[in-house]
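User: Please take a close look at a single part of this model and set out how that part relates to its surroundings. A connected account would be preferred to a list.

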Amino acid sequence: DASSGAGLLTEAKRVAEQVAVERKSQTVFVAVGGDGTVNLVARAALDAELPMGILPFGRENNIARALLGTIDADKAFMRLGLPTTLIDSLRVGDQLVLSAAGLGLLPSLHSYLLKKGAPRFGIGWGLVSNDLFKKQSPMALTLKLDAHRLAVSTRILSIHLLPYAAGLNLSPMSQRADTHFEVILDRGTKPERASSYVRDAAAKQLRFGAGLAAYRCAKVTIQ
């Protein structure tokens, strides 16, 4: 079933192998869909050593927001012929990630948005994230950020290659091609601080500090 994640990945691998044989007739991959589709097609594009374009037709379109500056499919289509640019990628196990990965609040927020949709106002984002944060159990983790080792108890751990995740600019310092990523975590913050993190991101007034920390590194190991 090519409409499923596993089916799409299998099809992408098949196409990549075919392109490797018929390289002269293929010049670019175009991912038509949301972030999941873009990540899967990117794996095939990397295997075939070809560039990739994006036509955003997904729910959140975090990758398109960051790379194209728009989630309008017509505007994105007009950009397909422009010169290509390099971007960073991240491997989590055997999965390729172009935007963000996380534990705790971020995946919970993503699951909520898939079921309920995005709140209309900033206060709604705050209420949702406050409730989700309270339901998270603190995770006792040892992180190695480059050469720096850090023991934490956190309910937020997110790794960002691009600014957008869950439809919000949660990591405005992230750059598309600087060989680094940002690790965001809470250091014993209160639920209202976590909710203000999401609410402020929705209002484009994000600030760090007061228990919410951001680290910049090229490699992270989680234990």
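Analyst: The account below begins with one helix, H2, and then turns to the pockets, a loop residue and the salt bridges.

The model is a predicted one. Within this model, helix H2 covers residues 35-48, which makes 14 residues. From the first C-alpha to the last, H2 reaches 20 Å, close to the 20 Å expected at 1.5 Å a residue. Ten of the 14 residues are buried, so H2 is largely enclosed by the rest of the structure. The buried set consists of Asp-35, Val-38, Asn-39, Leu-40, Val-41, Ala-42, Arg-43, Ala-44, Ala-45 and Ala-48. Just after the helix, Glu-49 adopts a positive phi of about 55°.

H2 also takes part in the lining of two pockets. The largest pocket has a volume of about 770 Å³, and 26 residues line it. Nearest the centre of this pocket lie Pro-51, Met-52, Thr-84, Thr-85 and Ile-87. Two or more lining residues come from each of H2, strand S2 (52-56) and helix H3 (62-68). By class, the lining of the largest pocket comprises 18 nonpolar, four polar and four charged residues.

The second largest pocket has a volume of about 610 Å³. Its lining counts 27 residues, with Asp-35, Asn-39, Ser-99, Ala-100 and His-110 nearest the centre. The elements that give two or more residues to this lining are H2, strand S4 (95-97), strand S5 (100-104), helix H5 (105-116) and strand S9 (164-165). H2 supplies the largest share, six residues. Twelve residues of the lining of the second largest pocket are nonpolar, eleven are polar and four are charged. Asp-35 and Asn-39, both among the residues nearest the centre of that pocket, also belong to the buried residues of H2.

Strand S9, one of the contributors to the second largest pocket, is preceded by a loop that starts from strand S8 (156-160) and holds Leu-161. Because its relative accessibility is 2%, Leu-161 counts as buried. Leaving aside residues up to four places away in sequence, Leu-161 touches Asp-88, Ser-89, Leu-90, Val-97, Leu-98, Ser-99, Ser-174, Gln-175, Arg-176, His-180 and Phe-181. Ser-99 thus appears both among these contacts and among the residues nearest the centre of the second largest pocket. Leu-161 and Asp-178 are 17 residues apart in sequence, and their C-alpha atoms are 9.1 Å apart in space.

Asp-178 leads to the salt bridges, of which the whole structure has three. Arg-216 forms one with Asp-178, the closest N and O atoms being 2.8 Å apart. Arg-216 lies in strand S12 (residues 212-217) and Asp-178 in the loop between strand S10 (168-169) and strand S11 (181-186), so this pair ties together parts that are 38 residues apart in sequence. Arg-216 forms another with Glu-182, where the closest N and O atoms are 2.7 Å apart. As Glu-182 lies in strand S11, that pair ties together parts 34 residues apart in sequence. Asp-178, Glu-182 and Arg-216 are thereby joined into one network by salt bridges that share partners. Within it, Asp-178 is buried at 17% relative accessible area, Glu-182 is buried at 2%, and Arg-216 is partly exposed at 47%.

The remaining salt bridge pairs Asp-131 with Lys-135, the closest N and O atoms being 3.2 Å apart. These two residues are four residues apart in helix H6 (residues 122-135), and are therefore separated by about one helical turn. Asp-131 is partly exposed at 38% relative accessibility, whereas Lys-135 is exposed at 62%.

How values were computed
Residues are numbered from 1 along each chain as its sequence is written. This is a predicted model: local features need pLDDT of at least 70, side-chain atom pairs count only at pLDDT 80 or more; totals for chains, interfaces and linings use all residues. Side-chain values use heavy atoms; hydrogens and water are left out. The expected span of a helix is 1.5 Å times one less than its number of residues. Buried means under 20% relative accessible area, exposed over 50%, partly exposed in between (1.4 Å probe, protein chains only). On a 1 Å grid over the protein atoms alone, a cavity is a set of points where a 1.4 Å probe fits but cannot get out, and a pocket is an open set with protein on both sides within 12 Å along at least five of seven lines; lining residues have an atom within 4 Å of a point. Grid points are joined across faces, edges and corners, and a volume is the space filled by probe spheres set on the points. Ala, Val, Leu, Ile, Met, Phe, Trp, Tyr, Cys and Pro count as nonpolar, Asp, Glu, Lys and Arg as charged, and the others, Gly among them, as polar. Contact means heavy atoms within 4.5 Å. A salt bridge is a side-chain nitrogen of Lys or Arg within 4 Å of a carboxyl oxygen of Asp or Glu.
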